[in-house]
Amino acid sequence: MFARVLLAAALISAPLALTAADWTQYGGDSSRSFFIDRDSGLDKHSASKLKLRWKSKLENVSKELNSLTVPVVSGKYAVVAGSNDELYALDASSGAVIWHRHLEALPNTLPKADWLCPNALTATPVIDAEKQVVHALASDGRLYSMRLQTGEDLQPPREFVPPFAKTWSLNLFKGVIYTPTSQACNKVRSAIYAINAEGGGASRQFQAMHTYGAGIWGRAGVAIDEEGTVFAGTGDGIFDPKSSQYPNTILAVNGSTLQLKDYFTPKNYAWIAKKDLDMGNTSPIVFPYGKKELVAASGKLGVIWLLDAKCMGGDDHMTPLYASPVLANDSASYYAKGFWGAFATRLDKKGKRWLYAPAWGPKTEQTKFKRTNGDAQSGSIMAFQVTGPDTKPELRPMWQSADMAVPAPPVVVNDVVFALSDGDNTDQNDANARLLASSFRAEHPRGHAVVYA
């Protein structure tokens, strides 16, 4: 099978492909802000004039629900990885292939892959723009570090995570690369892994569970604040902090030692687990607000929490600064409802802090936005202003986008929110409650992939 990457995809995931600026990792930066405020030539006047500039056909074997990662960009280089351990560097202006490498992964002797465990390259690469190095994580768990201009190895591939674990977007912060694992693929427990980008020493890990569960499977992986604290959201499992079991929890981990610093767990964690409304499907985001750093987190439950990055859940680890009402999952559905993927945030020219959330399914009837754009039953981007003092912040619903089928994490460029309605089929079962194969869902999409501004 072949996969095709379009400029529209680069625009959503790496908007600076249109300029000579950098978008070097998923979300644009280590905090996963998905925001850029530079003279990129994109604003509310030019956005309506965007046109397809190029398309490039890339050879890659799709594996289960995985094909191409989002592009990461430094200067003229746009780097895209493929599920079959392919790595391409494209000219961001023309789409021409500058170089291509097949990462030689170790033989896969595992049982047949499935929709949760594709035994594939799944982590978005990261670029060190200063050193002009691209780092990519192959399916066998080895980290490749290559010259951005040529794809030449700077050192032999190194063991980073166990082979054929399910990994997510790489995060590079002060010379260290981080990624989480999830969903017990190849019997790998959920954990946060770290390794020195330039070599020297083995990888380190913090396990979110010592049994299976607590998957960290938000698309953005982990978020990191300016002090190097690593934040991650976990999925279902048996909560027992005395035994170092942290499911349905937002973790704060020391980035240097990978020791737990703090955590927040909702008081209704048992009900969340019972209903399979886990928080591992959405990556947290961290941003300054007043004199504090806030962490915004959510999950399938459809509630957004605002947390103090230095005191996540108070003395009991269960008291957030703010908890919204249910915003996007009245039916408490365990799939295709609530918030998925990752948020975006922006500080506007008046100093107001905004939060943008990809909601799957309709908003709740109780939520009133100042502005809506039709009846968004399939999904939407929801926009909130963070208001109030930093000791007691709140989210004020401001606007809701038009109807979008399975919206991906948005990207904010200056004063424009770019969003992708990817049209996926999210059904997990047929009318007779039989599990649908990922190939069936891929062959029966709910709609086209559409870019909105």
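The torsion about the S-S bond of Cys-117 and Cys-185 is about -85 degrees, so this disulfide is left-handed. The two sulfur atoms lie 2.1 Å apart, and the term disulfide is applied here to a pair of cysteine sulfur atoms within 2.5 Å. For orientation, a disulfide is a covalent bond between the sulfur atoms of two cysteines. A search of the whole structure returns one disulfide. The cysteines come from distant parts of the chain, 68 residues apart: Cys-117 sits in the loop between strand S7 (97-102) and strand S8 (126-128), and Cys-185 in the loop between strand S14 (176-182) and strand S15 (191-196). Strands and helices are DSSP runs numbered from the N terminus, with at least two residues (E) for a strand and at least four (H or I) for a helix.

Before I continue, a word on the basis of these values. This is a predicted model, in which local features need pLDDT of at least 70 and side-chain atom pairs count only at pLDDT 80 or more, while totals for chains, interfaces and linings use all residues. Residues are numbered from 1 along each chain as its sequence is written, and side-chain values use heavy atoms, with hydrogens and water left out.

Are Cys-117 and Cys-185 buried or exposed? Both are buried, a word that stands for under 20% relative accessible area, with exposed meaning over 50% and partly exposed the range in between, for a 1.4 Å probe and protein chains only. Cys-311, by contrast, is partly exposed, because its relative accessible area is 36%.

I turn now to the salt bridges. The criterion is a side-chain nitrogen of Lys or Arg within 4 Å of a carboxyl oxygen of Asp or Glu. The search of the whole structure finds nine of them, and I shall discuss some of these.

One of them joins Glu-198 and Lys-131, with N to O at 3.3 Å. Glu-198 is in the loop between S15 and strand S16 (204-207), and Lys-131 is in the loop between S8 and strand S9 (133-137), so the pair ties together parts 67 residues apart in sequence. Glu-198 counts as exposed because its relative accessible area is 57%, and Lys-131, at 42%, counts as partly exposed.

Which residues are linked with Lys-300 in a network of salt bridges? They are Asp-276 and Asp-278. Between Lys-300 and Asp-276, the closest N and O atoms are 3.3 Å apart. Lys-300 lies in the loop between strand S23 (292-297) and strand S24 (305-308), while Asp-276 lies in the loop between helix H2 (269-274) and strand S21 (282-283); the pair therefore ties together parts 24 residues apart in sequence. Between Lys-300 and Asp-278, the closest N and O atoms are 2.9 Å apart. That second pair also links distant parts of the chain, 22 residues apart, with Asp-278 in the loop between H2 and S21. As for exposure, Lys-300 is buried at 4% relative accessibility, Asp-278 is buried too, and Asp-276 is partly exposed at 28%.

Next, the charged surface patches. A patch here consists of residues with over 30% relative accessible area and no salt bridge, like charges being joined within 9 Å and nonpolar side chains (Val, Leu, Ile, Met, Phe, Trp, Tyr) within 5 Å. Accessible areas come from the Shrake-Rupley method with a 1.4 Å probe, and for residues only the protein chains shown count as cover. Lys and Arg count as positive and Asp and Glu as negative, without His and the chain ends; each charge is placed at NZ of Lys, CZ of Arg, CG of Asp or CD of Glu.

The negative patch is formed by Asp-330, Glu-365, Asp-375 and Asp-403. Glu-365 belongs to the loop between strand S29 (353-360) and strand S30 (379-387), and it is exposed, at 59% relative accessibility. The positive patch gathers Lys-350, Lys-352, Lys-370 and Arg-396. Within that patch, Lys-352 is found in the loop between strand S28 (344-347) and S29, and is partly exposed at 43%. In strand S29 itself lies Ala-357, which is buried at 0% relative accessibility.

Finally, two backbone angles. Phe-34 has a phi near 55 degrees, a positive value in a residue other than glycine; it is in the loop between helix H1 (7-13) and strand S2 (35-36). Phe-164, likewise not a glycine, has a positive phi of about 60 degrees and is in the loop between strand S11 (158-159) and strand S12 (166-167). Phe-34 is buried at 4% relative accessible area, and Phe-164 is buried at 6%.
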